[in-house]
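Visitor: I would like to learn how to read a structural model feature by feature, with the general idea placed before each case. Could you take me through one?

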Amino acid sequence: IQKLCDRVASSTLLDDRRDAVRALKSLSKKYRLEVGIQAMEHLIHVLQTDRSDSEIIGYALDTLYNVISNDLEEEEQEENLPKQVDDLGSQFTEIFIKQQENVTLLLTLVEEFDFHVRWPGVKLLTSLLKQQGPQVQQIILVSPMGVSRLMDLLADSREVIRNDGVLLLQQLTKSNAAIQKIVAFENAFERLLDIVTEEGNSDGGIVVEDCLLLLQNLLKNNNSNQNFFKEGSYIQRMKPWFEVGDDNCGWSAQKVTNLHLMLQLVRVLVSPTNPPGATSSCQKAMFHCGLLQQLCTILMATGVPADILTETINTVSEVIRGCQMNQDYFASVNAPSNPPRPAIVVLLMSMVNERQPFVLRCAVLYCFQCFLYKNQKGQGEIVSTLLPSTIDATGNSVSAGQLLCGGLFSTDSLSNWCAAVALAHALQENATLKEQLLRVQLATSIGNPPVSLLQQCTNILSQGSKVQTRVGLLMLLCTWLSNCSIAVTHFLHNPANIPFLTGQIAENLGEEEQLVQGLCALLLGISIYYNDNSLENYRKEKLKQLIEKRIGRENFIEKLGFISKHELYSRAAQKPQPSFSSPDHMMFDHEFTKLVKELEGVISKAIYKSSEEDKKEEEVKKTLEQHDNIVTHYKKVIREQDQELEELKQRINTLTSQNEQLQATVTQQVSQIQQHKDQYNLLKVQLGKDAQHHNSHSETFQMNGIQMEEASKLKEELEEWKNKHELLQGQLREKDSVIEKLKSSQLEMGTTEQSLQTSKSGGLEHNNELQKELEMLRSQIQLQSAEISKLQIENQKLQVMNTTADPVLGDSGAAAANNSELEGRLEQEVKELKSEVKALSEEKESLKQHLDSSSSTVAILQDEKSKLQQEVAESKKEQDDLLVLLADQDQKLSALKIKLKDLGVPVEDEDDIESGDQGDEDEDGDEEEQD
């Protein structure tokens, strides 16, 4: 080996070096330690320098693989070697990866397309990852494009390299979330699913198994990859994996393994340990793509191997767990029997059948638990099959409730436990069903009256059956009585129950019975904590006294603690799926462990509480309820007030909009009146001209009939317009009054002292403005009345002209017609003006009212002003008094100073101090000048 190493190191000819490396390769399996120690450095040097020759590179890689790998041939393995072999592989790997450049060099060699380089390179890298996984993973992760280069192996057309590439990626992705993410985003899911499909799905060989193991590595406990798998619509591509035919006998071992891994992959996506949101979205996707339906067909198919059936039940359980849509679908699945039975019933039959395998029975229990998890509808359906009104009298079909009752009271302790736990899950967090289950009556034997289900459970407990049965029944009773005062009352109503529980807790029994004692203590604690004191003999205080006398508080708490300290309790608390190594270990249910955690501390506190504290608690509860009622009442009132406010706002909006519309119509009418006035003036001028030219009376006399008709029509129209105008004015007044009321109410609510101050001057100004407006309106009314009188005079003149005109003249028909039109219009204008006068007089009245109201407000303000003036005068008087007091004080001070001076005490006057200060300042100034 030493000579060969020298040849590799010193030979100048490539052929010599190649032969030496080939010889080392042949020796490397048998003399692994020697070749590894002496040749590794030379072989790495060959990889660096002779990259142009693929043959020598291939030999060097093979040699390194033989040295590092522990996959020795069976005949070469000896009994005493395995440990030493493991150590050798890891030691050589450590030497190789000490220089990180060696791994990056290997990554570049794996990129080579030459089969003799790429394949041994892949095998060597896989072996390195097996020996020192985390360290090699870290080197690959930091090397540029390290993971991406390895992903290209999946696209290799040569199956050997592709398959070994899958094995390499399996080792690379173990327990490294960062690499898992990179591999997933390098399109690994697409490529692996393509390989699985090409190989024939579950009928494929070991390559399918390797791909499925790699997919598990990528998805397990990796939320990012799970989300990417779902978003990429890869769940839909899993459906064809589970298509099984009618003839399911004679499955190969490889097919069973593949299908097992496929089911496990589905479970990875919907595992209860995943975030709830991710699990829920995957469950929905599985329902919509038909994957759940496909799994249910396997569940109901015949000839499926037992382990596949068990795993399918577990998979279906997790696909439906907590998903209402999937749970509803599962409830509708029927088994292909005659008559068809629901799948749930068929599964429960196998659960309570003691001849079925233990693992299968555990899987069915898990399935039933998952079906009822957060499914109040399903819980109600199960409990309803137990109620007297829904039981099938003919007895043709067996219901889920009947199977559970049968299992609960059978001779097989495992069936008792499973049925008790299943029934407890039907009551989980559902107070109404706990009350309904109290109605269930059981016929124990012919001739005897029926017994309630609760009574029968306590009867079996007192008979002293197996530990497993008693534990199951106690768990059922604890779940049933927790948070249900009525059930507690029913339980306490049986006089034998409390003495039985206290007797069980007080006894000193062996380790097996300690668990039963702990559960009895829990049940008694629940009976105290959820007791509503409706039974006089079993009030909370009396039960506490009973514990104090018979058991002792400390002893009771110690026995209660036996539950959570038990080894099987901590195992059950880890995960929801019931997984037990043997039927004897089947003691605790996962959901029950949560209940124990919740109640243990609460019951301990309740036992030590005095009756006064209990009373205080009840009083606090009552006051809280009263407060809640008050709060709800005020909330109601506030809501109603909000609604009223909204309605008032809407009314204000509608009134303001109507007011605006009416004002617009008034302005239109005013403009129309002005137009009519202008037209009237024009017609008057035209009439004067026509009167000069036409002196004939005959045609006017003939046309008088037509004039009268037209005049009457115009009068009618004028009346209609009047009525409309009056209606609009009335509506306008109503709206104005409503708006004024609302404004006044708002003003009244928002008044403050400051607004009183400012309103004095404002009220006076407002009063002056109103007086001015009144004067203006009076002048307008006088002008308009003058105009009306002028128009009346002119009208009379025209009428006189009409009567005096000659009736025989017959050439001026058009002029006469004009005269009649003018008369009609004049009358119309006169009437309109009268209506205007009326309106103005009404406005005058309203303004008078405004003036009166403003004068009253002015009077009020003047009163307030006089009050304020009085206050000012008083304050001035007080100020004068203070000044007088100050003067007296000054006189007293001066007198005291004089007395002090007389006594020889030096006293400084304020004037002296000031003059002293001024003298100092003068001295300072003189000094500065001198400087």
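Guide: What follows goes from the overall make-up to surface, cysteines, aromatic rings and salt bridges. Please keep in mind throughout that this is a predicted model.

Visitor: How many helices and strands does the protein chain have, and what percentage of its residues count as buried?

Guide: The protein chain has 40 helices and four strands, and of its 931 residues 41% count as buried. Contacts can also be sorted by their separation along the sequence: among those with a separation of 6 or more, residues 24 or more positions apart account for 74%.

Visitor: What area does the protein chain expose, and which atoms supply 51% of it?

Guide: The exposed area of the protein chain is about 51,800 Å², and carbon and sulfur atoms supply 51% of that figure.

Visitor: Which residues make the nonpolar surface patch of about 310 Å²?

Guide: That patch is made by Ile630, Tyr634 and Ile638. Ile638 is found in helix 35, which covers residues 611-693, and it counts as partly exposed because its relative accessibility is 46%, a value between the 20% and 50% cut-offs.

Visitor: Let us turn to the cysteines. How many disulfides does a search of the whole structure find?

Guide: The general test is a distance between two sulfur atoms, with a cut-off of 2.5 Å, and a search of the whole structure finds zero disulfides. Cys418 is in no disulfide, and the nearest cysteine sulfur, belonging to Cys362, is 6.4 Å away. With a relative accessibility of 0%, Cys418 counts as buried. Cys520 is likewise in no disulfide, the nearest cysteine sulfur being that of Cys478 at 8.4 Å; Cys520 is buried too, with a relative accessible area of 1%.

Visitor: How should I read a pair of aromatic rings, and how many aromatic pairs does the structure hold?

Guide: A pair of aromatic rings is described by two quantities, the distance of the centres and the angle of the planes. The structure holds 13 aromatic pairs. In one of them, the rings of Trp417 and Phe580 have their centres 6.0 Å apart and their planes at 85°, so this pair is edge-to-face. The pair links distant parts of the chain, since Trp417 lies in helix 24 (residues 413-427) and Phe580 in the loop between helix 33 (567-572) and helix 34 (590-608), 163 residues apart. Trp417 and Phe580 are buried.

Visitor: Are the rings of Phe588 and Phe592 stacked or edge-to-face?

Guide: They are stacked, because their planes are at 10°, with the centres 6.4 Å apart. Phe588 and Phe592 are both buried. Ring pairs can also join up into a larger group, as they do for Phe185, Phe189, Phe228, Phe229 and Tyr234, which are linked into a cluster.

Visitor: How many salt bridges does the search find, and where in the chain do the partners Arg149 and Glu111 lie?

Guide: A search of the whole structure finds 25 salt bridges. In the one between Arg149 and Glu111, the closest N and O atoms are 3.4 Å apart. Arg149 lies in helix 9 (residues 146-151) and Glu111 in helix 6 (residues 100-111), so the pair ties together parts that are 38 residues apart in sequence. Arg149 counts as buried at 14% relative accessibility, whereas Glu111, at 43%, counts as partly exposed.

Visitor: Are Arg162 and Glu198, which also form a salt bridge, buried or exposed?

Guide: Arg162 counts as buried because its relative accessibility is 7%, while Glu198 is exposed, with a relative accessible area of 59%. Their closest N and O atoms are 3.7 Å apart. Arg162 lies in helix 10 (residues 159-172) and Glu198 in helix 12 (residues 188-198), so this pair ties together parts that are 36 residues apart in sequence.

Visitor: Which parts of the chain does the salt bridge of Arg470 and Glu513 tie together?

Guide: The side chains of Arg470 and Glu513 meet at 2.8 Å, N to O. Arg470 lies in helix 27 (residues 467-481) and Glu513 in helix 30 (residues 511-529), so the parts tied together are 43 residues apart in sequence. Both Arg470 and Glu513 are buried. Salt bridges may also share partners, and in this way Asp15, Arg18, Asp19, Arg22, Asp53 and Glu55 are joined into one network.

Conventions:
Residues are numbered from 1 along each chain as its sequence is written. This is a predicted model: local features need pLDDT of at least 70, side-chain atom pairs count only at pLDDT 80 or more; totals for chains, interfaces and linings use all residues. Side-chain values use heavy atoms; hydrogens and water are left out. Helices (H or I, at least four residues) and strands (E, at least two) are DSSP runs, numbered from the N terminus. Buried means under 20% relative accessible area, exposed over 50%, partly exposed in between (1.4 Å probe, protein chains only). Contact means heavy atoms within 4.5 Å. Accessible areas come from the Shrake-Rupley method with a 1.4 Å probe; for residues, only the protein chains shown count as cover. Patches are made of residues with over 30% relative accessible area and no salt bridge: like charges are joined within 9 Å, nonpolar side chains (Val, Leu, Ile, Met, Phe, Trp, Tyr) within 5 Å. A salt bridge is a side-chain nitrogen of Lys or Arg within 4 Å of a carboxyl oxygen of Asp or Glu. Rings of Phe, Tyr and Trp (its six-membered ring) pair if their centres lie within 6.5 Å; planes under 30 degrees apart count as stacked, over 60 as edge-to-face and the rest as tilted.
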